Amino acid sequence: SSSFDASRGDVKKEWKYVRVPGLGFVPGLVCCPHHDLTQSNGVLRATDFDDMLLRMAVDLNKSEPTVVGIGIDHYAALVVEGDNRYRVFTFDGKP
């Protein structure tokens with residue numbers, strides 16, 4: 001499993017979540033892959049992602065983020081089909 005698990009003896013690694021440029025298929029969209037997993041720093045990615053979106057709002061002096069954030073869970077993918085259409089792809093038998 002790629003998720004942090006202290007019971008397996010995983011060691012926490014200190015790092016901060018950062019925003020990196022994507023491919024630009026959907027302008028203004030920020031995506032968080034593996035949104036449902038806990039990472040090696042021991043923090044749920046969803047928590048770090050929410051905090052990053054709030055920091056972006058503060059950095060832009062806005063009360064709300066001016067981008068859209070989408071969390072994509074492990075074993076799932078966002079498929080952009082063009083013309084502002086998208087779908088979520090999941091693997092059968094995976095949580």
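1. C32 is buried, with a relative accessible area of 0%. The model is a predicted one, and this cysteine is a good place to start reading it. C32 lies on the covered face of strand β1, together with V30. Strand β1 spans residues 29-33.

2. C31 sits on the other face. The uncovered side of β1 carries L29, C31 and P33. At 36% relative accessibility, C31 counts as partly exposed. The neighbouring C32, by contrast, is buried at 0%.

3. Are C31 and C32 bonded or unbonded to each other? They are unbonded: their sulfurs are 7.2 Å apart, too far for a bond. The cut-off used for a disulfide is 2.5 Å between cysteine sulfur atoms. A disulfide is a covalent bond between the sulfur atoms of two cysteines. For C31, the nearest cysteine sulfur is that of C32, and C31 is in no disulfide. The count of disulfides comes to zero.

4. Strand β1 has a partner. It pairs with strand β2, residues 68-72, in the parallel sense. Five bridges link the two strands. Within β2, I70 is the bridge partner of C31. So C31, partly exposed at 36% relative accessibility, has its bridge partner in β2.

5. Which residues form the largest nonpolar core? There are seven: V30, C32, F49, M52, L53, M56 and V67. Helix α1 (45-59) and strand β1 each supply at least two of them. The largest share, four residues, comes from α1. V30 and C32, on the covered face of β1, both belong to this core. In soluble globular proteins, nonpolar side chains tend to be buried together.

6. Now the overall layout. The protein chain has one helix and four strands. From the N terminus on, the order is β-α-β-β-β.

7. Chain-wide figures follow. Of the 95 residues in the protein chain, 21% are buried. The exposed surface is about 7100 Å². Carbon and sulfur atoms supply 54% of that surface. Among contacts between residues at least 6 apart in sequence, 48% join residues at least 24 apart.

8. To recap the two cysteines. C32 is buried and is part of the seven-residue core. C31 is partly exposed and is on the uncovered face of β1. Neither forms a bond with the other, as the 7.2 Å between their sulfurs is too far.

Definitions and conventions: Residues are numbered from 1 along each chain as its sequence is written. This is a predicted model: local features need pLDDT of at least 70, side-chain atom pairs count only at pLDDT 80 or more; totals for chains, interfaces and linings use all residues. Side-chain values use heavy atoms; hydrogens and water are left out. Buried means under 20% relative accessible area, exposed over 50%, partly exposed in between (1.4 Å probe, protein chains only). Two strands pair if DSSP finds at least two bridges between them. A nonpolar core is a set of buried Ala, Val, Leu, Ile, Met, Phe, Trp, Tyr and Cys residues joined through side-chain atoms within 4.5 Å. Contact means heavy atoms within 4.5 Å. Accessible areas come from the Shrake-Rupley method with a 1.4 Å probe; for residues, only the protein chains shown count as cover.
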